[in-house]
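This report concerns a ligand site and the strands beside it. Please consult the sequence and the coordinates shown here.

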Amino acid sequence: MSIWAVLPVKEMRGSKQRLSPLLSPEERVALMRVMVGEVLDALCAARGLTGVAVVTLDAWTTEEARRRGVRVITGGARDGHTGSVTAAARVLAAEGAAGVLTMPGDIPAVTPAEVEALLAVHGSAPAFTIAPAHDEKGSNGVVLSPPDVVPLRFGEDSYVPHLAAARARGIAPRIVPLPGVAMDIDHPADLAMFARLDVSRETRTLAWLRKAGVLERLGAGCAAPPPRPTRAEMSEGAP
Ligand SMILES: Nc1nc2c(ncn2[C@@H]2O[C@H](COP(=O)(O)OP(=O)(O)OP(=O)(O)O)[C@@H](O)[C@H]2O)c(=O)[nH]1
Ligand SMILES: O=C(O)[C@H](O)COP(=O)(O)O
């Protein structure tokens, strides 16, 4: 089966807002670059994908993708997480892709083996497979065949709605817990958890966090993660 990977990356300036209590705007861009590089590495090294595409208008990501022979899709690239992935899936489906696998750019501990595991679990079409975020709220790895088999709706708490949307179409979703995929970095508390995980030890992201002195900022031993502001609370505080 021909399955393409789709990695959505919004313009990095201004992304990772929920980390702004901890990181400067420049640091958020730098962190995002390291993380996207690691996700691209995993996708490019995984066996079983027909190709890898980024859907983006971000200049750094475009250059990085081209350097690696990754396809760049720009249509719909400013349409939000869901809109950009849906637009790319539509392009790929029109060209004959039987399915798409999508992951966000903020799961730096993902490995090629995890991508392969997600593909291995995925059944024959019509099928929907999902690897949840560690909090079982987000949908960090999703495989759909055909690419529009279930309407996507990323955002906070998308995991359970995605399962329900698959079932509403008569598809039993397959669920694959994968520790690297699960560890998305949205909040300062996620960085604390990431720093403690075995799966994170070899990542360039952890090396960057150490070098930038971010782990010290998280507090001694990262023992007491601060409360997580929601997206709504973050935007209330925005200028
Ligand atoms: N191409 C594209 N990708 C997006 C868009 N919005 C989000 N993404 C990507 O979707 C994934 C999840 O992003 P979000 O959690 O929505 O945003 P974030 O920048 O990581 O974090 P916050 O600013 O704290 O919400 C990341 O890979 C983003 O780059 C968009 O409008 N276009
Ligand atoms: O599963 C989701 O809805 C997305 O992962 C949301 O993205 P985030 O976890 O980066 O906020």
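The text below treats the ligand site and then the strands.

The model is predicted: local features need pLDDT of at least 70 and side-chain atom pairs 80 or more, whereas totals for chains, interfaces and linings use all residues. Residues are numbered from 1 along each chain, ligands are numbered from 1 in the order written, and side-chain values use heavy atoms without hydrogens and water.

Around ligand 1 there are 20 residues, of which P8, K16, R18, A77 and G80 come nearest (near: a heavy atom within 4 Å). The table lists polar contacts, that is, pairs of N or O atoms within 3.5 Å.

| Ligand 1 atom | Protein partner | Distance |
|---|---|---|
| oxygen | P8, polar backbone atom | 2.8 Å |
| oxygen | K16, side-chain N or O atom | 2.5 Å |
| nitrogen | H81, polar backbone atom | 3.3 Å |

The protein covers 92% of the 620 Å² of accessible area that ligand 1 has on its own (Shrake-Rupley method, 1.4 Å probe). Elements giving two or more residues to this shell are β1 (3–9) and α3 (80–94); the largest share, three residues, comes from α3.

Strand β2 (residues 51–56) has six of its six residues buried (under 20% relative accessible area, 1.4 Å probe, protein chains only). G51, A53 and V55 point one way from β2, and V52, V54 and T56 the other. Six bridges join β2 to β1 in parallel, with P8 opposite V55. Between these strands the chain passes through helix α1 (residues 25–45) in a right-handed β-α-β crossover (clockwise from first strand over helix to second, with the strands pointing away from the viewer).

Terms used: A polar contact is a pair of N or O atoms within 3.5 Å; within protein, one must be able to donate a hydrogen and the other to accept it, and residues adjacent in sequence count only if both atoms are side-chain atoms. Helices (H or I, at least four residues) and strands (E, at least two) are DSSP runs, numbered from the N terminus. Buried means under 20% relative accessible area, exposed over 50%, partly exposed in between (1.4 Å probe, protein chains only). Two strands pair if DSSP finds at least two bridges between them.
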